[in-house]
Amino acid sequence: MTSSPDNTKAATSSTVKNKDKNKDKHKDKGNSQHKRTAPKLPQALDCVPASELWLADEQMLSYALYQDGIIEHQNAASVSFEKVIFQNVTFRDMSLPKLELTDVRFDNCDLSNVDFSGVIAHRVEFRNCKLMGIDLLSSTLRHLSFQRCLGDYATFRFANIKHTEFIESSFVKSDFYHSVLSDIYFKETNIDQAQFSSTKLAGIDISGCHFFNLGVTLEDLKGCMISPAQAITLSKIFGLIIKE
């Protein structure tokens with residue numbers, strides 16, 4: 001018994017739709033570049049004026065929204081923030097070594113030149129932030145996101161960074177010397193003249209970056225993913241001559 005033309009047409013249409021769905025699933029899966037987990041933040045937080053925040057050594061603060069102000073002239077070690085949002089806050093003349101950040105978001109904040117050396121950060125987002133010269137020396141960073149940030153001259157020396165993304169940001173002349181990088185995602189980010197010496201870039205995709213020069217060795221670049229245009233740029237950095 002043969003199927004009617006209408007049934008055949010319907011079956012064919014259904015097959016095509018299923019193929020399209022499967023194609024979309026594979027496409028979405030392919031676009032999942034890394035395994036970053038976003039901050040786990042509650043829907044409601046206690047609102048606190050940023051100017052009222054004063055820090056002491058080994059202090060822990062949680063479940064708060066700090067807004068619209070300046071936090072300045074503070075020096076405290078081993079401070080912890082958990083489930084906290086900073087919004088429209090400027091950090092000025094700040095030194096918070098051995099800071100711990102868990103489930104924290106910075107929105108439209110200025111953290112230029114702050115000392116966060118030795119910070120341990122899990123599930124932290126920086127959105128539209130100014131991070132010029134921020135010191136993240138010897139930091140441990142897990143599941144971080146830098147979105148539309150200005151982070152030129154930032155220091156990541158000796159950092160251990162995993163599951164982290166840099167999106168539409170500028171980290172010109174930033175310093176990643178002797179860092180450990182794993183599952184790092186770059187998109188439309190300027191890393192011109194950044195220092196990556198003694199940092200293994202195997203498995204790291206920098207094809208979404210912009211640069212004219214990098215502080216890097218051929219050994220560091222082994223296994224790094226780059227674009228054809230970047231291959232030409234890097235060949236010039238290493239003094240190679242490409243014949244047409």
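## A predicted β-rich chain: loops, salt bridges and core

N113 is exposed, at a relative accessible area of 60%. Here exposed means over 50% relative accessible area, buried means under 20%, and partly exposed lies in between (1.4 Å probe, protein chains only). The model is predicted: local features need pLDDT of at least 70, side-chain atom pairs count only at pLDDT 80 or more, and totals for chains, interfaces and linings use all residues. Residues are numbered from 1 along each chain as its sequence is written, and side-chain values use heavy atoms, with hydrogens and water left out.

**Confidence and layout**

The average pLDDT of the protein is 87, and 86% of the residues score at least 70. Residues 1-32 fall below 50, and this stretch has one contact in the model beyond near neighbours in sequence. pLDDT is the predictor's confidence in each residue, from 0 to 100. A contact means heavy atoms within 4.5 Å.

The protein has three helices and 10 strands. Both are DSSP runs numbered from the N terminus: helices are H or I with at least four residues, strands are E with at least two. Read from the N terminus, the order is α-β-β-β-β-β-β-β-β-β-β-α-α. Take contacts between residues at least 6 apart in sequence: 10% of them join residues at least 24 apart.

Of the protein's 244 residues, 42% count as buried. The exposed area is about 13,300 Å², and carbon and sulfur atoms supply 50% of it. Accessible areas come from the Shrake-Rupley method with a 1.4 Å probe; for residues, only the protein chains shown count as cover.

**Two loop residues with positive phi**

Most residues other than glycine have a negative phi. N113 has a phi near 65°, a positive value in a residue other than glycine. The residue sits in the loop between β4 (100-107) and β5 (120-127). S138 also has a positive phi, near 55°. Its place is the loop between β5 and β6 (140-147). S138 is partly exposed, with a relative accessible area of 39%.

**Salt bridges**

How many salt bridges does the rule give? The count comes to nine. The rule asks for a side-chain nitrogen of Lys or Arg within 4 Å of a carboxyl oxygen of Asp or Glu. The table lists some of them.

| Side-chain pair | N to O distance |
|---|---|
| E125 and R127 | 3.1 Å |
| E219 and K222 | 3.3 Å |
| E165 and R36 | 3.3 Å |

The E165 and R36 pair links distant parts of the chain, 129 residues apart. E165 belongs to strand β7 (residues 160-167), whereas R36 lies in the loop between α1 (5-31) and β1 (46-49). E165 is buried at 10% relative accessibility. R36 is partly exposed at 22%.

E125 is buried, with a relative accessible area of 3%. Its partner R127 is partly exposed at 27%. In the remaining pair of the table, E219 is partly exposed at 43%, while K222 is exposed at 53%. Salt bridges that share partners also build a network: R36, R105, E125, R127 and E165 are joined into one.

**The nonpolar core**

In soluble globular proteins, nonpolar side chains tend to be buried together. A nonpolar core here is a set of buried Ala, Val, Leu, Ile, Met, Phe, Trp, Tyr and Cys residues joined through side-chain atoms within 4.5 Å. Which members of the largest core touch the most other members? They are F81, F86, F106, L111, F126 and F156, out of 59 residues. Two or more residues come from each of β2 (60-75), β3 (80-95), β4, β5, β6, β7 and β8 (180-187). β3 gives the largest share, six residues.

L111 shows the packing around one of these members. Neighbours within four places in sequence aside, L111 is in contact with F91, F106, F116, F126, C129, K130, L131 and I134.

**A buried threonine in β7**

Strand β7 also holds T164. T164 is buried, at a relative accessible area of 0%. Where does the side chain of T164 reach? The target is the backbone nitrogen of L144, at 3.4 Å. Such a polar contact is a pair of N or O atoms within 3.5 Å; within protein, one must be able to donate a hydrogen and the other to accept it, and residues adjacent in sequence count only if both atoms are side-chain atoms.
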